[in-house]
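Biologist: Please put the model up, and then take my questions on it one at a time.

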Amino acid sequence: MKKPLILLLIVSFALLSCGKKEVKKVTEESKTAQEAIALAEEIKEAYLKRDLAAMEKNTTKEGYRELLGAIKSFDKAELTFSPKWVEMDKAAVSMKIAWSGKWIVSGETIEERGTALFIFEGSPLKLSRVLRANPFKQPE
């Protein structure tokens, strides 16, 4: 008779202790990582729409020059970003992104994929460099 009572108490205690939701504060690092991810998406959308003003707004002067020099002509494009990790130091935020894209150029479809390293600087963050396989240099 004692075993069911003890079991009932244990189950009741477990249910009651799991009932409260603990609210965790969002860290500054988490906010910065979210800002970098949102900024990469904003730049991607500007690239797909060929919105140079939005690209310039979200990049440093050097970053904007780099992007303008990299962009190739295309009729239509689709681009998907999958952030893999974000690393922060005092001077910059680095974000590794796996990407895949499809470009249509003169009726021909070109598909590519790769991994890029986006470097953001400043406050608010702005894209300053794209290292490795730059998705904005496609199609090559």
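Biologist: How much area does the chain expose, and what share of it do carbon and sulfur atoms supply?

Modeller: This is a predicted model, in which local features need pLDDT of at least 70 and side-chain atom pairs count only at pLDDT 80 or more, while totals for chains, interfaces and linings use all residues. Residues are numbered from 1 along each chain as its sequence is written, and side-chain values use heavy atoms, with hydrogens and water left out. Accessible areas come from the Shrake-Rupley method with a 1.4 Å probe, and for residues only the protein chains shown count as cover. The chain exposes about 9700 Å², and the carbon and sulfur share is 56%.

Biologist: What pattern of helices and strands does the chain follow along the sequence?

Modeller: Helices (H or I, at least four residues) and strands (E, at least two) are DSSP runs, numbered from the N terminus. The chain has four helices and four strands. Read along the sequence, the pattern is α-α-α-α-β-β-β-β.

Biologist: In which order do the strands form the sheet?

Modeller: Two strands pair if DSSP finds at least two bridges between them. S2 (residues 93-105) and S3 pair in the antiparallel sense over 13 bridges, and S3 (residues 108-121) pairs with S4 (residues 126-132), also antiparallel, over six bridges. The sheet is open, and its order is S1-S2-S3-S4.

Biologist: Which residue in the hairpin of S3 and S4 takes a positive phi?

Modeller: In S4, Arg129 is the bridge partner of Ile119. The hairpin has four residues between the strands, and the positive phi, near 85°, belongs to Gly122.

Biologist: At about what angle does helix H2 run to S1?

Modeller: Axes are lines fitted to C-alpha atoms, for helices over the stretch in contact, and angles run from 0 to 180 degrees between N-to-C directions. Helix H2 (residues 28-49) lies across S1, S2, S3 and S4, and its angle to S1 is about 160°.

Biologist: Does Lys44 count as buried or exposed?

Modeller: Lys44 lies in helix H2. Buried means under 20% relative accessible area, exposed over 50%, and partly exposed in between (1.4 Å probe, protein chains only). Because its relative accessibility is 7%, Lys44 counts as buried.

Biologist: Which residues is Lys44 in contact with, leaving aside its neighbours within four places in sequence?

Modeller: Contact means heavy atoms within 4.5 Å. With those sequence neighbours set aside, the residues in contact with Lys44 are Leu79, Thr80, Phe81 and Phe136.
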